[in-house]
Amino acid sequence: MNKPLIVLSIPYGDVSEYINSEADYIEVRLDYKKNLTIYDIDEFLKYKEKVILTIRDLSEGGIFPIRDDAKLNIYKKIFDYGIKYDVEMRFLEKYKIPYEGQIVSSHYLNSLPGINELIEKYKKLDNLFTAKVAIKNINGYKSILAKFLEIINNPTVIPIGAPWYERISYSLLGSKLLYVYDKVQTGEGQPKLSIAAKILKEIFNG
């Protein structure tokens, strides 16, 4: 069993205070910044080995909207800088942008996806950093997340709105990334960084 990677998710802002934290990566939610521009990416270049930049669409839990053309230009700059990003499957299907070595995610907030639908989408993508699926805790979500873990390479699964310990449970079953928070939850059901780090340290002997 591989130790899951801890991803500290924070709203757009200064990441310097978290660089030496117990998190393996820091996810910066760019959609928390109103009127995001391509120039806002420059401040993250010096942390390129540690950060994951995410622009979440409103339909998938984002905060502020951003036009597709602006989003494309920002992704291009992030890629050119060699920084990891999280791109939504729907956006990837609509536009051709690089996905090798990146996070490709699908969020289901109002309904359950079919497992065959998910397999068909993700089996076309090779060499991902992780294939991520987040599903609201609607009746039946657990079996879909479990099957995704079993079938897909490099999977990350996230139960949205479930108790925080469910996320840790799935990480112990093979989910690659464990998303946590410090001051502000960017997703329902995220465990606290200090709690998650302590639990994983005890299980994996540091």
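In this predicted model, strand β5, helix α3 (residues 115–122) and strand β6 together form a β-α-β unit, and the crossover in this unit is right-handed. The two strands of the unit also pair directly, since β5 and β6, the latter spanning residues 130–136, run in the parallel sense and share 6 bridges. One contact in this pairing can be followed by residue, for Tyr108 has Ile135 of β6 as its bridge partner.

Strand β5 itself covers residues 103–108, and 6 of its 6 residues are buried. The side of the strand to which Ile103, Ser105 and His107 point and the opposite side, to which Val104, Ser106 and Tyr108 point, are occupied by buried residues in both cases, where buried refers to a relative accessible area under 20%.

Strand β5 also takes part in a second unit, in which β4, helix α2 (residues 89–94) and β5 make a β-α-β arrangement that is again right-handed. Here too the strands pair in the parallel sense, with 3 bridges between β4 (residues 84–88) and β5, and within this pairing Glu88 stands opposite Ser105 of β5.

Turning to another strand pair, one finds β1 (residues 5–11) alongside β8, the two being joined in the parallel sense over 4 bridges, with Leu5 standing opposite Leu177 in β8. Strand β8, which comprises residues 177–180, is covered on both faces, Leu177 and Tyr179 being buried on one side, while Leu178 and Val180 are buried on the other.

Note on methods
Residues numbered from 1 in each chain as written. Predicted model: local features only at pLDDT ≥ 70, side-chain atom pairs only at ≥ 80, totals over all residues. Heavy atoms only, no water. Buried < 20%, exposed > 50% of the residue type's maximum accessible area, 1.4 Å probe, protein only. Pairing = 2+ DSSP bridges. Right-handed = clockwise from strand over helix to strand, strands pointing away.
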